[in-house]
Amino acid sequence: MDADINVNRSPSTPQNIAVIGASGSIGSSALDVIASSNGRLRASILAVHRSTRQLIQLAQRFQPDAVVVSDPTADMSPLEELPKGIEILVGEEALNEAVRRPEIDVVLLAIVGVAGLRSTWSALDAGKTVALANKEALVAGGALITDLLNTKGGKLYPVDSEHSAIFQCLLSRRVDARTPRVCGDDLKRIILTASGGPFRTWSLDQLKRATVQDALKHPTWKMGAKITVDSATTMNKALEIIEARWLFDVDSDKISVVVHPQSIVHSMVEFIDGAVLAQLSPPDMRLPIQFALEETTRTACPTRQFDWTRAMQLEFLPPDFERFPAMKLGFEVAKVGGSAGVVLNAANEIAVDAFMNRRISFDSITKLCRRALDGHNYDPSPTLTDIFKLDAWTRKETEKWISQ
Ligand code: MG
């Protein structure tokens with residue numbers, strides 16, 4: 001492990017963490033990590049979108065300096081019970097200012113959707129260390145985020161389990177201390193593992209009739225609803241292919257996917273001599289979250305550990321692009337870059353929402369994404385403003401197609 005990237009801090013000065021998306025699945029795992037860190041980590045800001053009731057409970061337990069409610073239309077009445085001395089901030093602008101505060105050491109970005117791009121941008125613009133669970137920020141704005149990292153001196157650590165695994169496999173040979181980027185031409189490829197989701201063994205015909213209930217039954221991971229549906233379509237893997245392209249700065253032809261139903265090997269890295277390094281751990285997000293919050297220092301983790309006295313089987317299978325065409329879109333978008341990522345992501349967010357509301361069939365999700373990609377005016381280097389314009393355009397168009 002690189003000595004220069006470990007933050008040497010005394011146990012008496014905790015690392016101040018801004019937990020953005022505190023009420024979600026990643027947020028609560030992160031708070032669990034913080035609670036069991038023996039005071040090394042401290043939740044200094046807790047931010048939610050609308051879940052003010054949950055926020056109060058968390059604030060009472062974690063005693064942050066400030067809480068943020070990013071949606072000003074949320075029910076603010078529960079905030080009357082907020083413990084004295086905790087500052088209340090409201091609105092998206094307030095959130096984007098909060099992540100820049102000088103006392104914040106690490107910003108955990110755990111909001112779902114492209115909304116995470118602005119906060120990621122703001123934190124990196126202020127030179128902060130970002131633990132990124134919001135893959136959409138890189139999918140939509142990968143080139144811009146990479147530029148910011150180069151110019152503003154911030155750091156970026158992946159939280160997504162696959163990307164954390166790749167990062168851990170690459171750590172010993174990382175040249176750039178601030179980013180997980182791969183420097184060196186001895187890398188043959190990055191191998192992302194995919195659980196295959198609940199429909200891994202379903203036929204094309206069955207997939208057409210898949211219901212919301214079916215899609216929400218993930219075999220190995222317990223996650224939020226949107227990402228669980230993304231796992232079922234394999235769009236989650238598509239977004240992760242794009243995320244890996246930017247995070248590690250590798251061409252799409254150096255990324256491959258292998259289906260691994262047990263979700264124990266979280267991803268692998270293959271070198272030109274044929275050596276393959278993998279990272280294994282039980283499917284529990286607390287490990288990659290902790291690794292990012294601790295800035296790559298390894299400490300005891302509240303996760304279950306393997307019992308190596310018991311037999312265990314690991315399987316690896318080739319991905320089926322015919323039944324799961326979403327992954328093809330992932331490779332395509334990772335290759336062309338530019339505006340394709342934001343369009344794919346926005347179309348998918350709208351389509352998943354429509355599927356969850358039983359307005360479209362399961363197999364329409366990927367078809368709508370294909371249509372949005374084909375129908376948009378490709379821009380090779382969109383600005384942040386262009387990205388949000390395209391995001392809005394795609395949402396409107398996709399909604400129109402769904403309503404027709
Ligand atoms: Mg993942």
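## How α10 and α13 cross

In this predicted model, the crossing of helices α10 and α13 is left-handed. On the α10 side the contact is made by Met235, Leu239 and Ile242, and on the α13 side by Leu344, Asn345 and Asn348. Sorted by class, these contact residues are four nonpolar and two polar, with no charged ones.

Helix α10 covers residues 235–247, and it packs against α13 at an angle of about 160°, with the two axes 11 Å apart. Because angles over 145 degrees count as roughly antiparallel, α10 is roughly antiparallel to α13.

Further along α10 you will find Arg245. Despite its charged class, Arg245 counts as buried, at 15% relative accessibility. Setting aside residues up to four places away in sequence, Arg245 touches Val250, Ile255 and Ala334.

## α5 against α13

Helix α13 has another partner to look at, α5. The axes of α5 and α13 come within 6 Å and cross at roughly 135°, and the two helices are therefore oblique to each other. From α5, the residues Glu136, Val139 and Ala140 meet Gly341, Val342, Asn345 and Glu349 of α13. This contact has three nonpolar, two polar and two charged residues. Asn345 is worth selecting in your viewer, since this α13 residue is listed in the contact with α10 and also in the contact with α5.

Glu136 lies in helix α5 and is buried, with a relative accessible area of 6%. What surrounds Glu136? Leaving out residues up to four places away in sequence, Glu136 touches Val112, Gly113, Val114, Gly141, Lys226, Asn345 and Glu349. Lys226, on that list, is itself one of the buried residues of α9.

## The enclosed helix α9

Helix α9 spans residues 225–233, and seven of its nine residues are buried, so the helix is largely enclosed by the rest of the structure. The buried ones are Lys226, Thr228, Val229, Asp230, Ser231, Ala232 and Thr233. Their cover includes α5, α8 (212–215), α10, α12, α13 and α14 (364–375). Just after α9 comes Thr234, which takes a positive phi of about 70°.

## α12 and its cover

Helix α12 runs over residues 326–336. Its buried residues are Ala326, Met327, Leu329, Gly330, Phe331, Val333 and Ala334. Ala334 has appeared already, as one of the residues touched by Arg245. The cover over the buried part of α12 includes α9, α10, α13 and α14, along with strand β9 (255–259). Helices α9 and α12 thus appear in each other's cover: α12 is listed over α9, and α9 is listed over α12. After α12 comes Gly337, with a positive phi near 60°.

## The main nonpolar core

The largest nonpolar core has 126 residues, and those with the most contacts inside it are Leu46, Leu108 and Leu293. Helix α13 (residues 340–356) gives the most to this core, with ten residues.

Which residues is Leu46 in contact with? Apart from neighbours within four places in sequence, they are Val19, Ala22, Leu31, Leu55, Leu58, Ala59, Phe62, Pro64, Ala66, Val67 and Val68. Leu46 itself falls in strand β2 (41–48). Among its contacts, Leu31 belongs to α1 (25–35), while Leu55, Leu58, Ala59 and Phe62 belong to α2 (52–62).

## Loops and positive phi values

Two residues other than glycine in loops deserve a look on your Ramachandran plot. Asn38 has a positive phi near 55° and sits in the loop between α1 and β2. Is Asn38 buried or exposed? At 71% relative accessibility, it counts as exposed.

Gln63 also has a positive phi, near 50°, and its place is the loop between α2 and β3. With a relative accessible area of 43%, Gln63 is partly exposed.

A third loop residue, Glu80, is found between β3 (66–69) and β4 (87–90). Glu80 is exposed, with a relative accessible area of 72%. Its C-alpha lies 9.0 Å from that of Ile56, and the two residues are 24 apart in sequence.

Technical notes
Residues numbered from 1 in each chain as written. Predicted model: local features only at pLDDT ≥ 70, side-chain atom pairs only at ≥ 80, totals over all residues. Heavy atoms only, no water. Core = buried A, V, L, I, M, F, W, Y, C linked by side-chain atoms within 4.5 Å. Buried < 20%, exposed > 50% of the residue type's maximum accessible area, 1.4 Å probe, protein only. Helix = DSSP H or I, 4+ residues; strand = E, 2+ residues; numbered from the N terminus. Contact = heavy atoms within 4.5 Å. Axes fitted to C-alpha atoms, helices over the stretch in contact; angles between N-to-C directions. Parallel < 35°, antiparallel > 145°, perpendicular 65-115°, else oblique. Left-handed = near helix turned anticlockwise from the far one by under 90°.
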